[in-house]
Amino acid sequence: MRSATLTTPPGTFATSSESPQSLTNEIKSRSPTQDALRRLLSSKSSMLGLTIFVLMILVAVLAPLIAHYDPTTQFRHGLHADGSPVGPSAKFWLGTDDLGRDLYSRLVYGARTSMEVAILANIVSTIIGVAVGAVAGFFGGVVDMALMRFTDVMMSFPIILFAAFLAVVFRPGMAVLIFIIGFVSWFYLARIVRGEILSVKNREYVEAAQSIGVGRSVILVRHLLPQVYGQIIVYVTLGFSTTVLYEAVLSFLGVGIQPPTASWGNLIAGGDEYLTTAPWIAIFPGVAVAIAVLGLNLLGDGLRDALDPRR
């Protein structure tokens, strides 16, 4: 007599608390956003970058509460009798600068300045880059050639020198600096958006929308641009670190944020003459810039991997 048939199919485990079919259904029920968030949260380096970014935001927002003193106040006891800055102490946690101002307070307010420049400059560069790339990729032909050749010409200039030249031509200040950094930062995003638009504009759903008379602007905004949101988010995140560096470099050169307003760039510039006698003036702002750039790059890389799992 033939023995009783097995109740458990070959290749499965009777002790499993969850069947393969239920696991498959659970995976299918996740949205792309949930999958991207899960991949982002599972990356330790991304979480480190996100933590640094959140701390930067909190320091910038809470600067009036966590700073010990007004960043422009010059203390009588902030300098030694010979006029040299005072080192780190219980009163001045990070020491003082060349004018006797509390370096910790100026560093905290400098974070607010850097974040403000980074956010607003990224908004400017994103608007320009997305507009140029989307129009060039969607319309093609002469429009594409003209916009891309203009982009190539702009990319041929050394960015820092070009930005410094524009800052010298116009009056240095925060508003001018924001628009200059935004204007010299959109080239790569434009090329990325153009490439993505070219890859999706001939798909069936776009042709279907065109066949029923949907306008070009509607197709571009509602059907094509949502396909490149992931790339835009990644570029904007990585752009934060770039704009922080641009602000620091231009302010260090004297064509960015002008004293007495505190920024990490002009704090470093204020300590270049005291590298041997009072190195903390330049070291602490330099470390702040390095940590900020590292954190933003880690977060940007994590977002890129999360939004594009094929990488």
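## A walk through the rings, cores and pocket

Let's start with some aromatics: Tyr69, Phe75 and Phe92 are joined by ring pairs into a cluster. Keep in mind as you look around that this is a predicted model. Across the structure there are 10 aromatic pairs. One of them is formed by Trp93 and Tyr104, a tilted arrangement with 5.3 Å centre to centre and 45° between the planes. What does this pair tie together? Trp93 sits in the loop between H4 and H5 while Tyr104 belongs to helix H5, so the contact links parts that are 11 residues apart in sequence. The two partners are not equally covered: Trp93 is partly exposed, at 48% relative accessibility, whereas Tyr104 is buried, with a relative accessible area of 16%.

Another tilted pair is made by Phe162 and Phe183, at 6.4 Å centre to centre and 50° between the planes. Here helix H7 supplies Phe162 and helix H8 supplies Phe183, so the pair ties together parts that are 21 residues apart in sequence. Phe162 is buried, with a relative accessible area of 16%, and Phe183 is partly exposed at 30%.

Since we've arrived at H8, take a look along that helix, which runs over residues 174–183. Which of its residues are buried? They are Leu177, Ile178, Ile180, Ile181 and Gly182. Their cover includes H5, helix H7 (159–169) and H12.

Now back to the loop between helix H4 (63–66) and H5, where you'll find Arg101. Is this arginine buried or exposed? Arg101 is buried, with a relative accessible area of just 8%. Leaving aside residues up to four places away in sequence, Arg101 touches Pro71, Thr72, Thr73, Gln74, Gly95, Thr96, Arg106 and Pro260. That last neighbour deserves a stop of its own. Pro260 lies in the loop between H12 and helix H13 (264–270), and the peptide bond leading from Pro259 to Pro260 is cis, with omega near 10°. For context, most peptide bonds are trans.

Next, the nonpolar interior. The largest nonpolar core has 34 residues, and Met56, Leu107, Val244 and Trp264 have the most contacts inside it. Helix H2 (32–41), helix H3 (44–61), H5, H12, H13 and H14 each give two or more residues to this core, with H14 providing the largest share, 10 residues. To get a feel for the packing, pick Leu107: beyond residues up to four places away in sequence, Leu107 touches Leu94, Trp264, Leu267, Phe284, Pro285 and Ala288. Apart from the largest core lies another one, of 25 residues, with Ala121, Val132, Tyr246 and Ile257 among them.

Finally, the empty space. The largest pocket has a volume of about 710 Å³. Lining this pocket are 30 residues, and Ile192, Gly230, Gln231, Val234 and Tyr235 lie nearest its centre. Which elements give two or more residues to the lining? Those are helix H5 (103–139), helix H9 (187–200), helix H12 (229–252) and helix H14 (280–307). H12 gives the most, with 11 residues. As for chemistry, the lining of the largest pocket is made up of 13 nonpolar, 11 polar and 6 charged residues. If you trace the helices once more, H5, H12 and H14 turn up both here in the pocket lining and among the contributors to the largest nonpolar core.

Terms used:
Residues are numbered from 1 along each chain as its sequence is written. This is a predicted model: local features need pLDDT of at least 70, side-chain atom pairs count only at pLDDT 80 or more; totals for chains, interfaces and linings use all residues. Side-chain values use heavy atoms; hydrogens and water are left out. On a 1 Å grid over the protein atoms alone, a cavity is a set of points where a 1.4 Å probe fits but cannot get out, and a pocket is an open set with protein on both sides within 12 Å along at least five of seven lines; lining residues have an atom within 4 Å of a point. Grid points are joined across faces, edges and corners, and a volume is the space filled by probe spheres set on the points. Helices (H or I, at least four residues) and strands (E, at least two) are DSSP runs, numbered from the N terminus. Ala, Val, Leu, Ile, Met, Phe, Trp, Tyr, Cys and Pro count as nonpolar, Asp, Glu, Lys and Arg as charged, and the others, Gly among them, as polar. Buried means under 20% relative accessible area, exposed over 50%, partly exposed in between (1.4 Å probe, protein chains only). Contact means heavy atoms within 4.5 Å. Rings of Phe, Tyr and Trp (its six-membered ring) pair if their centres lie within 6.5 Å; planes under 30 degrees apart count as stacked, over 60 as edge-to-face and the rest as tilted. A nonpolar core is a set of buried Ala, Val, Leu, Ile, Met, Phe, Trp, Tyr and Cys residues joined through side-chain atoms within 4.5 Å.
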